[in-house]
Amino acid sequence: MMDEELILLNPGPACTSKRVKDALLRGDLCHREPEFAELLSRIREALPRALNLGGTHEALLVTGSGTAAMEMAVISSVREGRGVIIVNNGVYGDRMIKIAKAHGIPFHEVRSDWTVPADPASVRAALARHPEVDAVVCVHHETTTGLINPIKEIGEVVAGHGALFVIDAISGTAIEDQDLAEVRADVICGTANKGLHGQPGMSFILCSDRSIARIQEVPERSLYLNAASYLKGQRGGDVPFTPAVQVCYALDEALAEFEEAGGFAARTRLYRERAALVRGQFARLGLKVLVDKQFRSNTVTMLHLPESVTYDALHDELKKRGYVVYAGQGQLSKDFFRICTMGEIPWHRLEALEDALGEAIEAARG
Ligand SMILES: Cc1ncc(COP(=O)(O)O)c(C=O)c1O
């Protein structure tokens, strides 16, 4: 094993800077003290600003992984007796369906192949068939395959109908080029530990005025994930339950680092440059990418496993060389693997990936 730090090339939790890790040690703090209220208010202001949504969206923070934000978003957007349209072309679209089922919320699925972006015309047709729905849900970056869905175009369709548009931008925020200010989204789910380079354990939803109004109209479907209690508490500098205080410190620091480094434009440029670098390496190594070039995200590349190489062998050989890669999910687990360039990764370590990957493939060949 090399002496350099292990580089995580999985789609979160991602590597973080020393500054963010050090922030975890700021000290013990009771969340009912004014210092926590200040911290919370700083993060609640910084999150929408970081994503160009300052002034249009309000942040609600929840202690929990990204799935907590997804669940809070869905159950807070649909009134009693109404339903939701779920756009599904991957594991996270599927998860939205599981959430609707778990809460007994009627849903209609707009399904497409895992390698094909969702079609706005299919969403329009579904809205025409089910005009009574309260919301349409779509994943921006389907981490399953590294596929980008056309959320701007789908947002236009949904706005024409009047339903709330809910997006899971968990693996896309601060990574993908699409400026969220141009997307007519009412609820945006995100997490601290992907493109924002914070620590895992906190997630958030960003809410438009329309969705804030809706939060007050929905039934209380969950005690822990009831957005109305977060809204009331957080507007007063409080949270309903014990938060992951130290993870908030780290997010606060990650957001400061993000802004100092040039904000959204600089971070998304970095992700574009990384994608170009590693995808050049994959091409030289003869690795084939599942998703067509024009639909690919800036972080996840879903690659065919080379002949006679199993995922486990490749994973272990690469780990010996300092990199952690990720398996395919669901139907793609046998023949594919994923490489994701998310988090704080020194450029020279990405440059060195080509040799490490080439060697690992040879060593893993059965
Ligand atoms: C698009 C997307 N949505 C939701 C999640 C769920 O996040 P978590 O695993 O943090 O609950 C992930 C995690 O990778 C994701 O990529």
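The exercises below deal with the ligand and its pocket in a predicted model.

**Exercise 1.** Which residues are closest to the ligand, and how many surround it?

Solution. Start with the count: the ligand is surrounded by 13 residues. Next, pick out the closest, which are Ser65, Gly66, Thr67, Thr143 and Asp168. Then sort the shell by class: 6 residues are polar, 4 are nonpolar and 3 are charged.

**Exercise 2.** Which helix gives the largest share of the shell around the ligand?

Solution. Two helices, α3 (66-75) and α4 (91-102), each contribute at least two shell residues. Of the shell, α3 provides the largest share, with 3 residues.

**Exercise 3.** What distances separate oxygen atoms of the ligand from polar side-chain atoms of threonine 67, threonine 143 and lysine 194?

Solution. Use a cut-off of 3.5 Å between N or O atoms for a polar contact. For threonine 67, the distance to a ligand oxygen is 2.5 Å. For threonine 143, a side-chain N or O atom lies 2.4 Å from an oxygen of the ligand. For lysine 194, the corresponding value is 3.0 Å. As for cover, the ligand alone has 380 Å² of accessible area, and the protein covers 86% of this.

**Exercise 4.** Where does the ligand sit, and what lines that site?

Solution. First, place the ligand: it is in the largest pocket. This pocket holds about 320 Å³ of space. Then take the lining, which has 21 residues; nearest the pocket centre are Pro11, Gly66, Tyr92, Ile170 and Lys194. By class, the lining has 10 polar, 8 nonpolar and 3 charged residues. Finally, assign helices: α3 supplies the largest share of the lining, 3 residues, and α4 supplies at least two.

Conventions
Residues are numbered from 1 along each chain as its sequence is written. This is a predicted model: local features need pLDDT of at least 70, side-chain atom pairs count only at pLDDT 80 or more; totals for chains, interfaces and linings use all residues. Side-chain values use heavy atoms; hydrogens and water are left out. A residue is near a molecule or strand if one of its heavy atoms lies within 4 Å of it. A polar contact is a pair of N or O atoms within 3.5 Å; within protein, one must be able to donate a hydrogen and the other to accept it, and residues adjacent in sequence count only if both atoms are side-chain atoms. Accessible areas come from the Shrake-Rupley method with a 1.4 Å probe; for residues, only the protein chains shown count as cover. On a 1 Å grid over the protein atoms alone, a cavity is a set of points where a 1.4 Å probe fits but cannot get out, and a pocket is an open set with protein on both sides within 12 Å along at least five of seven lines; lining residues have an atom within 4 Å of a point. A molecule sits in a cavity or pocket if more than half of its atoms lie within 2 Å of its grid points. Helices (H or I, at least four residues) and strands (E, at least two) are DSSP runs, numbered from the N terminus. Ala, Val, Leu, Ile, Met, Phe, Trp, Tyr, Cys and Pro count as nonpolar, Asp, Glu, Lys and Arg as charged, and the others, Gly among them, as polar. Grid points are joined across faces, edges and corners, and a volume is the space filled by probe spheres set on the points.
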